[in-house]
Protein chains: 2
Amino acid sequence: MIIKGFKMKLYEGMAEEYEKRHNELWPEMKDMIHEHGGRNYTIFWDKETNILFGYIEIEDEEKWAEGADTAINRKWWDFMAPVMETNPDNSPVSVDLKNVFHLD
Amino acid sequence: MIIKGFKMKLYEGMAEEYEKRHNELWPEMKDMIHEHGGRNYTIFWDKETNILFGYIEIEDEEKWAEGADTAINRKWWDFMAPVMETNPDNSPVSVDLKNVFHLD
């Protein structure tokens with residue numbers, strides 16, 4: 001199991017909308033995450049900076065990366081693009097964070 | 001089980017020392033964490049901002065909070081105070097982050 005931490009950034013005033021959309025996450029997206037080895041996925045919001053901190057446990061980096069290139073995931077990115085900072089392909093601007101400590 | 005996310009801040013240039021000290025975390029501190037219901041504890045470092053992002057699963061807020069007031073934990077805080085932003089009692093300056101998404 002690999003633990004990944006990363007940060008993304010919300011646009012100003014979009015926290016409520018971001019949370020609402022995630023409370024209503026499409027079942028097909030949940031399936032996509034599980035089918036690509038993602039488990040125990042949590043996202044936190046820092047109201048001081050609008051940074052989103054993501055935590056996820058994955059089985060395999062390659063398998064997880066393949067999930068990004070599914071039709072359902074690209075549809076999700078397009079849907080979320082008005083809410084958060086994105087790249088030209090509508091993927092979220094996401095920066096991996098270094099794991100400096102772990103205790104089971 | 002309760003999932004907690006929080007941020008702390010390292011002093012400039014202290015990432016290597018922070019990681020080293022956590023790689024060598026005192027066995028008594030590991031025991032203290034487990035005895036107070038903490039599990040699956042991970043800390044990430046954001047090199048762009050020197051923010052530390054903590055993720056932990058706890059059994060109970062009150063039980064977890066009691067761990068802060070143990071002799072071993074106060075000793076750890078004193079040891080870590082030169083490395084990161086702290087309050088007058090040497091506890092880390094720590095800000096809870098809002099959980100906006102979770103998928104098992």
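Hi everyone, this short talk is about how chain A and chain B meet, and about the salt bridges in the structure.

A word on the basics. This is a predicted model, where local features need pLDDT of at least 70, side-chain atom pairs count only at pLDDT 80 or more, and totals for chains, interfaces and linings use all residues. Residues are numbered from 1 along each chain as its sequence is written, chains are lettered from A and ligands numbered from 1 in the order in which they are written, and side-chain values use heavy atoms, leaving out hydrogens and water.

Let's start with the interface. Chain A gives 35 residues to the contact and chain B gives 35 residues, contact meaning heavy atoms within 4.5 Å. Together the two chains bury about 3300 Å², with 63% of it on carbon and sulfur atoms; buried area is the accessible area (1.4 Å probe) that two parts lose on being put together, summed over both.

How many salt bridges cross between chain A and chain B? The rule finds six across this interface, a salt bridge being a side-chain nitrogen of Lys or Arg within 4 Å of a carboxyl oxygen of Asp or Glu. Over all chains, the structure holds 16.

Now please look at A:Lys7. Its side chain meets B:Asp46 in a salt bridge, N to O 2.7 Å, and A:Lys7 also has a salt bridge with B:Glu48, again listed at 2.7 Å, N to O. That second pair runs from the loop between S2 and strand S3 (51-58) of chain B to strand S1 of chain A, strands here being DSSP runs (E, at least two residues) and helices likewise (H or I, at least four), numbered from the N terminus. So A:Lys7, B:Asp46 and B:Glu48 are linked in a network of salt bridges.

Is A:Lys7 buried or exposed? A:Lys7 is buried, at 8% relative accessibility, while B:Glu48 is exposed at 57%. For these words, buried means under 20% relative accessible area, exposed over 50%, and partly exposed in between (1.4 Å probe, protein chains only).

Swap the chain letters, and A:Glu48 forms a salt bridge with B:Lys7, the closest N and O atoms being 2.7 Å apart. A:Glu48 sits in the loop between S2 and S3 of chain A and B:Lys7 in strand S1 (residues 2-9) of chain B, so this pair joins two chains. Here A:Glu48 is exposed at 57%, and B:Lys7 is buried at 7%.

Thanks for listening!
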